[in-house]
Amino acid sequence: MDLGLALGYWGAGPDPEAADRVAAAEDLGFDSIWTAEAYGSDALTPLAWLGARTSRVRLGTSVVQMSARTPTATAMAALTLDHLSGGRAVLGIGASGPQVVEGWYGQPYPKPLARTREYVQILRSALARERVEFSGEHYAIPHPGGAGLGKPLRPTIHPLREDLPILLAAEGPKNVALAAEIADGWQPLFYAPRHDAFYRDCLAEGFARPGARRTAADFEVVCMVHVVVDDDVTAAADRVRPMLALYIGGMGAKGANFHYDVFARMGFEAECARIQESYLAGRKDEAAAAVPLSMVEQIALVGPRSKIAEELEHWRSSLVTTMVVGGGRAELEVVAELVA
């Protein structure tokens, strides 16, 4: 199992320690660094800026939101970054959710799986430097209306790698199966080794489809895992609880929150309902307090070094191929020592 560094997206401003954390990760033998975007900082600019200070680690997006850019614009960025980094770019993409897609990007959200399938097909055509010509339910290139002067084009730059890896962020079982069918890897946001069999079945469905791009043997699973080293398990979990409360309670409306659904499938449906009710009512501290320790421990590694070492074995035997961790140098050093 390889290690990656989670850089995430910014809060009110850039992380002043990001460059030091990137340098530490590369020194410690980490395989990759990963940036994200929501509706603030973008994923590509920080990745290029910080990636320029590295020489070996892969540079991954976790994730680029599809509604933020046309497929050809995303392909342009990926082709450019891959050249500048000497073939280290990894393109993680995701559909996001209806609140961001419709509320921030002003784009339609319905049928995200069909939209993803078309998006990836166009991406691969552009990355292979083919003339892009596509007519689908969600995308049409060239545009069929307007002045009628559009013509199929191909990138002016030649790709450094025509098979630049595309990873798909997915949480629901249908989307996970789609990742196995059309992508080079899957990026779960909240994954629990105890439910490994469920996700293996979802992936197996995708691998079995006609024309599937990969098999289980050459498919990446790049998973973010929160790591907090602290002799006090409760204090360590408290550093994860507000994030879980935000995603379960606030990242989506009632009945349309995919993060909520993930934890409900784990058996925390009653807890999710309490968290969401408190969060949407503005009681964020109450929502965080409603996150049980057992929920945190399903998807994170929290507590003293010995406890983390013991629980890490469950991740080693899971389908995860790259564990993407955050934290300061202390956390990075502990994980690097334990995984070595």
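Two strands are taken to pair if DSSP finds at least two bridges between them. In this predicted model, strand β12, which spans residues 322-325, takes part in two such pairings, and these are described in turn. With strand β1 (residues 2-8), β12 pairs in the parallel sense over 4 bridges, and within this pairing L3 stands opposite M323 of β12. Strand β10, formed by residues 220-229, likewise runs parallel to β12 and is joined to β12 by 4 bridges; here V225 is the residue that stands opposite V325. Both faces of β12 are covered, since T322 and V324 on one side and M323 and V325 on the other are all buried.

The UniProt record, in an unreviewed entry, lists residues 17-321 under "domain: Luciferase-like". Over residues 17-321 the chain is 46% helix and 13% strand, and the C-alpha atoms at the two ends are 27 Å apart.

Two helix pairs were examined for their packing. The axes of helix α3 (residues 71-84) and helix α5 (residues 112-127) come within 9 Å and cross at roughly 45°, an angle which means that α3 is oblique to α5. The crossing of α3 and α5 is right-handed. On the α3 side, the residues that meet α5 are P71, T72, T74, A75, A78 and L79, and their counterparts in α5 are Y119, I122, L123, A126 and L127. For helix α6 (residues 173-182) and helix α7 (residues 196-207), the axes come within 7 Å and cross at roughly 50°, so that α6 is oblique to α7. The crossing of α6 and α7 is right-handed. Here P173, V176, A177, A180 and E181 of α6 meet residues of α7 that are F198, Y199, C202, L203, E205, G206 and F207.

Attention then turns to strand β2, which comprises residues 32-35 and contains T35. T35 has a relative accessible area of 2% and is therefore buried, the cut-off for this class being under 20%. Although T35 and A6 are 29 residues apart along the chain, their C-alpha atoms are separated by 6.6 Å. When neighbours within four places in sequence are left aside, the residues in contact with T35 are L7, G8, A43, P46, L47, G60, T61, S62 and V63. Among these contacts of T35 are S62 and V63, which are themselves joined by a cis peptide bond with omega of about 10°. V63 lies in the loop that runs between β3 (58-61) and β4 (64-65).

A cis peptide bond is also found between I141 and P142, where omega is about -5°. P142 is placed in the loop between β7 (140-141) and β8 (166-169).

Positive phi values in residues other than glycine were noted at two positions in loops. Phi of S96 is near 60°, a positive value in a residue that is not glycine, and S96 is found in the loop between β5 (89-94) and α4 (98-103). With a relative accessible area of 29%, S96 is partly exposed, because this class lies between the limits of 20% and 50%. For K111, phi is near 60° and thus positive, again in a residue other than glycine, and K111 lies in the loop between α4 and α5.

Conventions. Residues are numbered from 1 along each chain as its sequence is written. This is a predicted model: local features need pLDDT of at least 70, side-chain atom pairs count only at pLDDT 80 or more; totals for chains, interfaces and linings use all residues. Side-chain values use heavy atoms; hydrogens and water are left out. Buried means under 20% relative accessible area, exposed over 50%, partly exposed in between (1.4 Å probe, protein chains only). UniProt positions are given in the numbering used here, feature names are shortened, and annotations may be inferred rather than shown by experiment. Axes are lines fitted to C-alpha atoms, for helices over the stretch in contact, and angles run from 0 to 180 degrees between N-to-C directions. Angles under 35 degrees count as roughly parallel, over 145 as roughly antiparallel, 65 to 115 as roughly perpendicular and the rest as oblique. A crossing is left-handed if the near helix is turned anticlockwise from the far one by less than a right angle, and right-handed if clockwise. Contact means heavy atoms within 4.5 Å.
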